[in-house]
Structure formats: structure tokens, C-alpha cells
Amino acid sequence: MSSLRASLLRAAVLLFLVASSGGHGDSDGDGGGEEMSLYKKLSGVIIPGFASTQLRAWSVLDCPYSPFDFNPLDAVWVDTTKLFSAVNCWLKCMLLDPYTQGDHPECKSRPDTGLSAITELDPGYITGPLSSVWKEWLKWCVEFGIEPNAIIAAPYDWRLAPSMLEKRDLYFHKLKLTFETALKLRGGPSFVFAHSMGNNVFRYFLEWLKLEISPKDYIQWLDEHILAYFAVGAPLLGATESVKASLSGVTFGLPINEGTARLMYNSYGSSMWLYPFSQYCRADNIQWNWKHYFEGKESDRHRYHCEETQSDWGWPNWPTDLINIEVPRYPAMGAYPTMPMPQMAQNMTLPMEYENPVLLSFSPKDVSDGTLFKAIEEFEPESQRLLYQLENYYKNDPVLNPLTPWERPPLKNIFCIYGIDSKTEVGYYFAPSGKPYPDNWLITDVLYEFEGTLLSRSGIPVSGNVSETSGDGTVPYNSLSWCKKWLGPKVNITRAPQAEHDGSDVQVKLNVDHHADHDILPNMERSPRVKYITYYEDSESHPESRTAVWELDKGHHRNIVRSQVLMRELWLQMWHEFHPDAKSKFVTKATRGPLRDVDCYWDYGKARCAWPEHCEYRYAFGDVHLGQSCRLKKSSADLLLQYLD
């Protein structure tokens with residue numbers, strides 16, 4: 001009986017609410033319902049970077065002398081417990097054959113699927129936050145009401161060369177179907193979010209698509225399926241650390257030595273996908289036949305050629321000499337002895353066996369065309385493998401040579417985003433270590449760019465091309481900023497603080513002249529205590545398209561996808577893209593206020609919640625400090641309306 005009375009009471013309340021609203025249940029659309037309904041068409045495809053996808057075992061591998069074995073679907077990349085206790089077994093599941101890109105005979109691994117494959121690489125109370133990649137971005141999506149099927153991950157086996165991704169996993173066919181499924185499911189085009197090497201994957205996909213569909217349908221397909229492309233931390237001209245990983249090893253913070261890391265890295269066909277290359281060298285666009293390529297029937301190859309400008313510069317398109325290697329000059333044998341490797345390695349342990357070592361210097365062009373590995377071939381047992389991969393998986397790739405400069409993709413809206421002003425490696429000095437492979441090279445000096453200067457670890461002066469700023473801690477500035485060449489002759493520049501602000505420190509310059517052969521500089525004031533974000537925006541040079549470049553002060557390459565500032569800016573721009581009342585081509589930069597409850601905090605100096613026009617003190621059970629009790633006065637949807645001007 002009480003249940004019946006409760007039901008009648010709820011029905012009466014509902015009838016009263018409907019009657020008082022004039023019979024329209026959605027009359028409060030201006031209060032946020034209409035805005036939130038805009039999300040129904042929103043979808044995003046995330047393409048992660050190098051080593052940012054979980055790999056799982058697809059084998060049964062018994063690991064002797066260890067309590068842990070590998071079974072199907074066990075985490076491989078990255079399971080720190082098994083890495084500590086059974087490193088040899090773990091390596092079997094991680095290594096590939098450097099020539100065929102096949103799996104180890106005893107263990108194979110495959111990329112995980114779904115969003116869980118890219119959120120945390122090693123879930124756990126301690127390891128989870130340390131291996132978090134896209135988890136914070138997904139939290140933002142959930143807080144703003146994005147539906148689960150609107151965000152789609154596109155994980156891949158980051159160990160494979162681009163052509164092998166398609167040959168083994170049909171990855172690019174699947175990615176095409178992902179976009180088509182999102183369009184059918186959501187009813188609108190998708191945003192693309194790519195980080196680091198994920199941008200290289202997306203570039204390859206766009207070129208592969210040209211061969212998959214007819215030329216007359218290519219642009220139409222892109223317009224229907226891709227609304228905007230957000231390129232985050234894109235190594236558009238390569239990254240210096242990739243060569244370091246090939247010659248001496250980079251551990252990425254894992255509990256393994258550099259030699260082991262080098263063995264693992266050099267077995268991957270993708271190891272060269274991040275190699276630096278010259279902006280003056282290109283490959284002719286020759287159409288290949290995929291079927292003939294995979295059957296071994298190679299026809300015409302990409303013709304690789306460099307402009308004369310390449311030889312006119314001391315440091316073409318790179319801050320300084322990329323690689324400097326000291327090699328022995330053996331008496332009466334010249335710079336490159338022909339003795340067998342074991343005997344040579346034994347002799348190299350005795351520094352008195354040779355005199356006057358030769359210092360060889362190499363540019364990005366020398367790395368990408370194989371000159372470096374040919375020059376050190378008699379001192380480096382890995383040279384033949386590296387040259388094989390370079391020739392077969394890059395120079396003779398059936399779609400394009402990935403080690404060539406980017407042109408602006410034929411997409412309507414492109415946002416190129418990266419960090420600046422971090423100390424970034426741009427060159428190395430190597431010398432023989434006297435140890436056998438894989439520890440046969442020793443880094444004797446490291447060259448850096450940092451806030452407009454070139455430095456060395458040893459303190460010796462460094463000559464080269466100095467940029468106004470530096471890279472993001474991993475990728476040099478000249479590689480990140482290559483996308484500035486996609487801007488037109490007139491650019492609007494805005495510099496604003498990264499933190500929430502009232503607009504008093506926002507600087508704007510309109511219609512700044514931009515020449516494609518030169519970097520465009522803001523020439524604006526900056527406070528040494530403030531981190532800024534500088535926006536370069538062009539909506540005039542390309543009909544019905546927009547190009548923007550965002551530079552975030554002190555934004556680090558590996559952490560930028562977890563940056564709260566970047567997430568806020570991405571969200572505001574996406575909101576602007578979808579809202580029918582948006583008046584400008586880009587979201588306004590005039591002010592930045594809190595958008596979520598967690599953005600509100602307690603101002604101890606004024607003994608109140610900061611941003612009183614947006615935040616108020618509202619205690620809730622469980623709050624343990626004053627800042628937790630500061631909450632938004634209005635809904636997030638209402639606050640977003642101020643950014644539509």
C-alpha cells in the first residue's frame with residue numbers, strides 16, 4: 001500500500017512539473033540540455049605514440065627459475081613484475097626478427113584492443129599512475145558527458161614498420177573501417193588525436209588511403225569522416241633520440257641495461273620511423289602495387305633526390321651535426337680496417353693499437369639515406385641489419401618513403417600542438433667502448449638546445465643553427481615546428497597564460513607576415529614567472545580550411561597528453577567546432593576560467609574560493625580540506641557558453 005502511495009505521489013509531481021513548464025519537458029534547453037545534445041554527434045579516434053599501446057602474449061611460455069610464466073593474454077608491455085623476475089622470457093615475447101619482422105619462435109605478442117590498451121600500460125596502485133598515457137583525457141570526456149562509444153582507440157603494434165602493419169595486421173584497413181563505423185554510429189565526422197609517432201602512423205594512413213579509394217572520392221571521404229586533426233608532439237622531421245637508441249640504447253625508465261634496450265630496439269622495423277631526415281630530400285610519388293610488393297615482385301622504386309641547398313649549409317635543417325663518431329685509424333690500414341669483427345673487437349680493447357682516431361660527422365640526411373651505417377660498417381656488426389631495414393621498409397615502401405618531409409594533409413582543420421623551452425638533445429659524440437656488441441659504443445658527449453642556445457654536457461662550445469627556443473625534451477624544435485610551414489602568408493598570433501586568467505596578460509597581433517622559408521616569431525613580451533601558450537592561427541589562406549599551431553611553454557613530450565592545460569584547450573576547441581552559435585573561426589582566448597569542480601580552489605590569501613564569479617564554497621560530506629568544498633556555481637555547459645564569441 002505504501003508503495004502505491006509513493007508511485008501516485010511521484011506521478012503527481014511529474015504532472016505538476018510538466019504543467020508548470022507549459023507541457024515541454026525540455027524547456028530548459030538554454031540551461032545546458034541543448035548544448036549537451038551536441039555531443040551526440042561527437043566522436044574521436046585516438047592514435048597513440050611509440051610504446052604507448054599494451055602488448056599481450058599469444059603463447060604459452062614456461063620461464064625456468066621464475067614463479068611467473070607467460071600465458072595467452074598475459075600483459076607483456078609492460079608487466080614490471082615479470083620484467084623483474086623473468087627478463088629473458090620477457091625479451092622473447094618482445095623481440096622480433098630484424099629481417100622478417102616475425103615473432104620469436106617461443107613467444108609472440110600482439111597489441112591489446114580498446115581504450116584500456118592506451119590508458120595505463122601497467123595498471124596498478126603504484127605502476128598505474130607512472131604508466132598512464134590517455135587516462136586523464138578519458139576522465140575529461142566522462143566528466144563532460146561523452147558517451148562510451150564516442151571515443152575510439154586505434155592501438156597498433158608499435159614495433160612494426162609501416163608496411164608490415166598492413167601486411168600482418170591489416171591495420172590501415174581496420175582504421176578506415178573505424179572512421180566509417182564512427183560516422184554511421186554517431187552521424188558525423190570524427191576528431192583525430194595523434195601523439196608522437198601516432199602522427200607518423202596517421203600520415204601513412206592518409207597516403208595509403210589514396211591507393212585504396214579512387215582519386216575523385218579521396219577528398220570527399222576525408223571531408224565526410226574527419227572533422228579536425230590534432231597533431232600532438234609530432235616529430236615531423238624526426239627525433240634525435242631514435243639514433244641514440246640504435247647505437248647505444250634507451251631504456252625508457254625500465255629496469256634493463258642500455259645494451260639490452262638496444263638489442264630490443266634494433267629488432268623493430270619501426271625503429272627508423274623516428275629517424276631524423278633532411279627537409280631538402282624528397283622521394284618521387286610513384287604508385288606501387290601492394291600485391292606485387294608482398295609477393296616480392298618489385299617494380300619501380302621511389303626515386304630519392306635532394307635539392308642543391310642541402311650541400312650549401314653547414315648544418316642543413318638541424319641545429320648542429322647530429323652524430324659525431326670517433327673511429328680508430330689502424331697503422332697502415334687506413335680509417336676502415338677489413339679485419340674480421342672478433343679480431344677487430346679484441347684489438348679495439350687496446351687503445352695503444354691505433355693512433356690518431358678519426359672523427360666522422362653525420363647530418364640527418366646521412367642517417368636517413370644510410371651513409372652513417374655504411375661508414376661505420378666495419379666497426380658495427382648491426383650495420384647490415386639496419387641497412388636492410390632502411391632499404392626494404394623505408395626507401396622501398398609501397399606507399400611512401402616515411403623519411404621525407406611532410407606536406408600539409410588535405411584536411412579541413414589541422415591543429416599542430418607541441419611543447420617548447422625544454423632542454424632537448426640534438427646531437428651526440430660516440431667512441432668505441434672496447435666492449436663487444438651491443439655495448440660497443442660509448443657516448444662521450446651530448447649536445448642540447450635550450451631556450452635559444454646550444455649546450456654540451458662537457459661544457460665545450462657548440463656551433464650550429466640556434467633557434468629562438470628549444471624543443472619539448474625529446475623532439476627538437478625544428479622538427480616540431482615544421483608544421484608552421486603549413487600556415488599561410490598572414491597569421492594571427494595570440495599569447496596567453498596557461499593558467500586560468502582574466503585576460504589582462506593576453507597579447508594579440510593580427511595579420512603578421514609569414515614566409516614559408518622562415519620561422520614566424522611572436523615578438524611579444526613575457527613574464528619570467530608565467531608559462532604561456534602561443535597560438536598561431538590561419539583561416540584565410542586555404543579555402544574552407546583552418547590551420548593552427550599551439551606552442552606550450554615547458555610542455556614535455558611524454559607528459560603533454562596528460563597536461564590539464566592541453567585538455568582544457570582541446571575541449572574548448574572541440575566545443576567550438578560543434579556548436580551552431582560559434583561566431584569566430586577559432587575559440588576565443590580572451591579569458592580562461594574554471595570548467596569543472598576540480599578547477600575551483602581555496603584562496604588562502606583572501607579566505608574564500610578563488611574565482612568567486614564562478615566558484616562558491618559548498619561543503620559536501622567527505623570533503624577533507626577547504627579546496628575540495630569549492631565548487632562551480634553553474635553547470636559546465638553554462639560556463640562553456642562564454643567561449644562562443
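Visitor: Over how many bridges do strand β10 and β13 pair?

Guide: This is a predicted model: local features need pLDDT of at least 70, side-chain atom pairs count only at pLDDT 80 or more, and totals for chains, interfaces and linings use all residues. Residues are numbered from 1 along each chain as its sequence is written, and side-chain values use heavy atoms, leaving out hydrogens and water. Two strands pair if DSSP finds at least two bridges between them; strands (E, at least two residues) and helices (H or I, at least four) are DSSP runs, numbered from the N terminus. Strand β10 (residues 323-327) and β13 run in the parallel sense, and the number of bridges is three.

Visitor: Which residue in β13 stands opposite I325?

Guide: I325 falls within strand β10, residues 323-327. Its partner position in β13 is F430.

Visitor: How do β13 and β14 run, parallel or antiparallel?

Guide: Strand β13 covers residues 424-432 and strand β14 covers residues 441-450. Y428 stands opposite V446 in β14. Eight bridges join the two strands, which run antiparallel.

Visitor: What is the order of the five strands in the open sheet?

Guide: Pairing in this sheet is mixed. Its edge strands, each paired on one side only, are β11 (358-362) and β15 (453-456). The order is β11-β10-β13-β14-β15.

Visitor: What does the twist average from one strand to the next?

Guide: Axes are lines fitted to C-alpha atoms (for helices, over the stretch in contact), and angles run from 0 to 180 degrees between N-to-C directions. From one strand of the sheet to the next, the twist averages 20°.

Visitor: How many of the residues of β13 are buried?

Guide: Buried means under 20% relative accessible area, exposed over 50%, and partly exposed in between (1.4 Å probe, protein chains only). β13 is mostly covered. Of its nine residues, the buried ones number eight.

Visitor: How many disulfides does the structure hold?

Guide: A disulfide is a covalent bond between the sulfur atoms of two cysteines. The cut-off puts the two sulfur atoms within 2.5 Å. The total is five.

Visitor: How many residues apart in sequence are the parts that C63 and C89 tie together?

Guide: The sulfur atoms of C63 and C89 are 2.3 Å apart, and the link is left-handed at -130°. C63 lies in the loop between β2 (55-57) and β3 (75-77), and C89 in helix α4 (residues 87-94), so the disulfide ties together parts whose separation is 26 residues.

Visitor: Is C89 buried or exposed?

Guide: Its partner C63 has 2% relative accessibility and counts as buried. C89 has a relative accessible area of 6%, so C89 is buried.

Visitor: What is the handedness of the link of C93 and C107?

Guide: The S to S distance is 2.0 Å. C93 lies in helix α4 and C107 in the loop between α4 and β4 (109-111), so parts 14 residues apart are tied together. Both cysteines are buried. With 95° about the S-S bond, the link is right-handed.

Visitor: How far apart in the chain are C416 and C483?

Guide: Their disulfide has an S to S distance of 2.2 Å. The torsion about the S-S bond is about -80°, so the disulfide is left-handed. C416 sits in strand β12 (residues 413-420) and C483 in the loop between α20 (477-480) and β16 (490-497), a separation of 67 residues.
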